[in-house]
Amino acid sequence: MTDENLPENDRVAPSAVEEMPRNGSTVIPVDLLQQKHREFLAAATSENTRRTYRSAIRHFLTWGGVLPCDEVVIIRYLLEFSQSLNSRTLALRLTALSQWHAHQGFPDPASTPTVRRTLLGIGRTHGKPKKKAKALPIEDLERIVEHLADLGTIKAKRDNALLQIGYFGGYRRSELVGLEVPYVAWEQEGLVITLARSKTDQLGRGITKAIPFGDGPCCPATALRAWLDAAGITAGPIFRSITKWGEIGKEALHESSVNAVLESCAKLVKLNYVPQLSSHSLRRGMATSAHRAGADFQDIKRQGGWRHDGTVQGYIEEAGQFQENAAGTLLRRKTS
């Protein structure tokens, strides 16, 4: 597949970027201007979104689709995968196809009323509940932390710091692996970490979070200092790969590694819900456990960096599903 089939790599028409004089004399070459224009267009969309769109376009082309296409082909594509893919995945594929056609200047066949009604019908016929990562309770995180402390290996120190910073900082996995040493400040009360860029801060204004010292089994600041000192890391990415010989890599961990670390650590303490865990379990766990401990709604929302109240409210309702329960009121009523 060529770059012209990728939604983020917009073609730059020669007429859009012409040779322009600078300061009345210097002429900037057209190809240089076009390259810079393409870079800015790509930067307008997050890397995760571009990766998702590329995957969707590849899937469509592998199936046998061609670009540009028409409504009939889109409907055939939907019907072909109506039972094997859930409607949310198909909706994402349609968005990618819409973006491709819009950016390339073609009519959009993926947004017609017939296509949208077809997708709606597929959802109502074959729709399935969205799978959710199970929240990691603070009690189970403490079990993991205590076990890792007993191991004392360089990998255990990294995993301990990774899970604690991810949990108490409420970080997404992409944010967690993107943390760097220069953006960590050690204060009397704990850590102040600045995230240079995130899903909710695409313009790079920076998001700052404070993580206090702990007085129990968990203390993210202490765990992070132990890892950095043991690994000899004084600059660059905080969380890095480790070879089986204990050699520390120079590049940041891949975000998928967060899932692997959590899974392996959960198995160490024999948690019985390991298949339900993912990196999102750290954020959900922080929110639900903080609510049970009496944390304020806005404090939870701010620490996790959630934009919408509804998302946080969903976590809170999950945390109190047994305590704030009408059936429980009946089942536990006092009888004279």
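Select K155 to begin: at 38% relative accessibility it counts as partly exposed, where buried denotes under 20% relative accessible area, exposed over 50%, and partly exposed the range in between (1.4 Å probe, protein chains only). The model is predicted, so that local features need pLDDT of at least 70 and side-chain atom pairs count only at pLDDT 80 or more, while totals for chains, interfaces and linings use all residues. Residues are numbered from 1 along each chain as its sequence is written, and side-chain values use heavy atoms, with hydrogens and water left out.

**Salt bridges**

Add D159 to the selection. D159 forms a salt bridge with K155, the closest N and O atoms being 2.7 Å apart; the term requires a side-chain nitrogen of Lys or Arg within 4 Å of a carboxyl oxygen of Asp or Glu. Because D159 and K155 are four residues apart in helix α7 (residues 154-168), about one helical turn separates them. Helices (H or I, at least four residues) and strands (E, at least two) are DSSP runs, numbered from the N terminus. In contrast to its partner K155, which is partly exposed, D159 is buried, with a relative accessible area of 2%. Extend the selection to R158: K155, R158 and D159 are linked in a network of salt bridges.

Proceed to helix α9 (residues 220-231), where D229 and R225 lie four residues apart, about one turn of the helix. Their closest N and O atoms are 3.2 Å apart, and the two residues form a salt bridge. D229 is exposed, at 51% relative accessibility, whereas R225 is partly exposed, at 34%.

Next, display K301 with D309. Here the closest N and O atoms of the salt bridge are 2.6 Å apart. K301 counts as buried at 16% relative accessibility, and D309 as partly exposed at 38%. The count of salt bridges comes to 10.

**R93 and Y77**

Which charged residue is buried yet has no salt bridge? Select R93: the nearest side chain of opposite charge, E80, is 12 Å away. For this purpose Lys and Arg count as positive and Asp and Glu as negative, with His and the chain ends not counted. R93 is placed in helix α4. Leaving out residues up to four places away in sequence, R93 touches A56, H59, Y77 and L85, a contact being heavy atoms within 4.5 Å.

Move from R93 to Y77, in helix α3. The side chains of Y77 and R93 make a polar contact at 3.5 Å. Such a contact is a pair of N or O atoms within 3.5 Å; within protein, one must be able to donate a hydrogen and the other to accept it, and residues adjacent in sequence count only if both atoms are side-chain atoms. Y77 is buried, at 1% relative accessibility. Beyond residues up to four places away in sequence, Y77 touches H59, F60, W63 and R93. Measure from Y77 to F60: the pair is 17 residues apart in sequence and 7.7 Å apart in space, C-alpha to C-alpha.

**Loops**

Select S82, in the loop between α3 (71-80) and α4 (87-104). S82 is buried, with a relative accessible area of 11%. A polar atom of the S82 side chain lies 3.1 Å from the backbone oxygen of L79. Apart from neighbours within four places in sequence, S82 is in contact with L90, I122 and H126.

Two backbone features follow. Most residues other than glycine have a negative phi, and most peptide bonds are trans. Select P68, in the loop between α2 (47-63) and α3: a cis peptide bond joins L67 to P68, with omega about -5°. Then select K270, in the loop between α10 (256-268) and α11 (280-292). K270 is not a glycine, although its phi is positive, at about 60°; K270 is exposed, with a relative accessible area of 69%.

**Cysteines and the whole chain**

How many disulfides does a search of the whole structure find? The search finds zero, a disulfide being a pair of cysteine sulfur atoms within 2.5 Å. Select C219: its sulfur is 8.9 Å from the closest cysteine sulfur, in C218, and is therefore too far for a bond. C219 is buried, with a relative accessible area of 10%, and C265 is buried at 2%.

Finally, show the full protein chain, which contains 14 helices and seven strands. Of its 336 residues, 40% count as buried.
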